[in-house]
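Trainee: Could you walk me through one part of this model up close? I'd like to see how a pair of helices sits together, and then whatever else catches your eye.

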Amino acid sequence: MQEIAALKHADVQTPEGAIQALQDGNARFFSGEASRPELGANERRAQIMGQTPFAAILACSDSRVPVELVFDQGFGNLFVVRVAGNVMGESGLATLEYAILHLDIHLLVVMGHEGCGAVSAALMPEEWIQNEPPALQALIRGIQPSLEGLPPIRDKKARMREAVMSNVRHQVAALREQPVIVAAEKRGQIRVIGGFYEIGSGAVDLLTEEEDLRV
């Protein structure tokens, strides 16, 4: 049973393999061919022994963004942190550091999504934001810096996508300044990338190149 518990996804031993596994899983999901991996009774019991996820994902809490389903991954494959607006906070950062230091993940993804309510809130007038409770105001203000200087896009859907993508890039940049993450990237253990989930189609665009991630 310990041997079962120690198994990783057979094809995922590197950051590049982790990216490919997510891309392949999402392709199955949006094409309607998801395998929806499940475990047998012995495999479920073996999960008690430990976990060996290959990727950690900082995603939004939005109920329309079920991360494991979107990437067609089963039990134990993904280590997921979910918070409105996929904003890096102290507890979220600590959770991701745990995944890097103690679970040997190969990839860290910040994933935004179409129609994000938290990003929409950050675009609202200041008098509206001040009506929210203090903790929610703090979360919204964590997004606002990424929305400064947005290009004047008239199409509302396109403008919203650009706002979400900008927030993703800023959260990636903030994570890549943290010492634990800097060290893990330097030794080649992980890559830190971004993503955008389109609710309507089910497709995820992964931002894997430095130019894609540039703030």
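Mentor: Let's start with α5, which passes α10 in a left-handed crossing. Keep in mind that this is a predicted model. The axes of α5 and α10 (residues 179-186) come within 10 Å and cross at roughly 30°. Angles under 35 degrees count as roughly parallel, so that's what we call α5 and α10 here. As for who touches whom, α5 brings Leu93, Glu97, Ile100 and Leu101, and these meet Val180, Ile181 and Ala184 of α10. Sort the residues of that contact by type and you get six nonpolar, one charged and no polar.

Now step back to the loop between β2 (78-82) and α5 (90-102), where you'll find asparagine 86. Asparagine 86 is buried, with a relative accessible area of just 1%. What's around it? Not counting neighbours within four places in sequence, asparagine 86 is in contact with Leu58, Ala59 and Cys60, with Val110, Met111 and Gly112, and with Asn167, Val168 and Gln171.

Last stop, α8, which spans residues 134-143 and has Gln137, Leu139, Ile140 and Ile143 as its buried residues. Those four cover an arc of only 160° around the axis, so they end up on the same side of α8. Among the elements covering them are α6 (117-122), α7 (126-129) and α9 (156-175). Flip to the face turned away from the buried side of α8 and you see the exposed residues Pro134, Ala135 and Ala138.

Terms used: Residues numbered from 1 in each chain as written. Predicted model: local features only at pLDDT ≥ 70, side-chain atom pairs only at ≥ 80, totals over all residues. Heavy atoms only, no water. Buried < 20%, exposed > 50% of the residue type's maximum accessible area, 1.4 Å probe, protein only. Helix = DSSP H or I, 4+ residues; strand = E, 2+ residues; numbered from the N terminus. Arc of directions from axis to C-beta. Contact = heavy atoms within 4.5 Å. Axes fitted to C-alpha atoms, helices over the stretch in contact; angles between N-to-C directions. Parallel < 35°, antiparallel > 145°, perpendicular 65-115°, else oblique. Left-handed = near helix turned anticlockwise from the far one by under 90°. Nonpolar A, V, L, I, M, F, W, Y, C, P; charged D, E, K, R; others polar.
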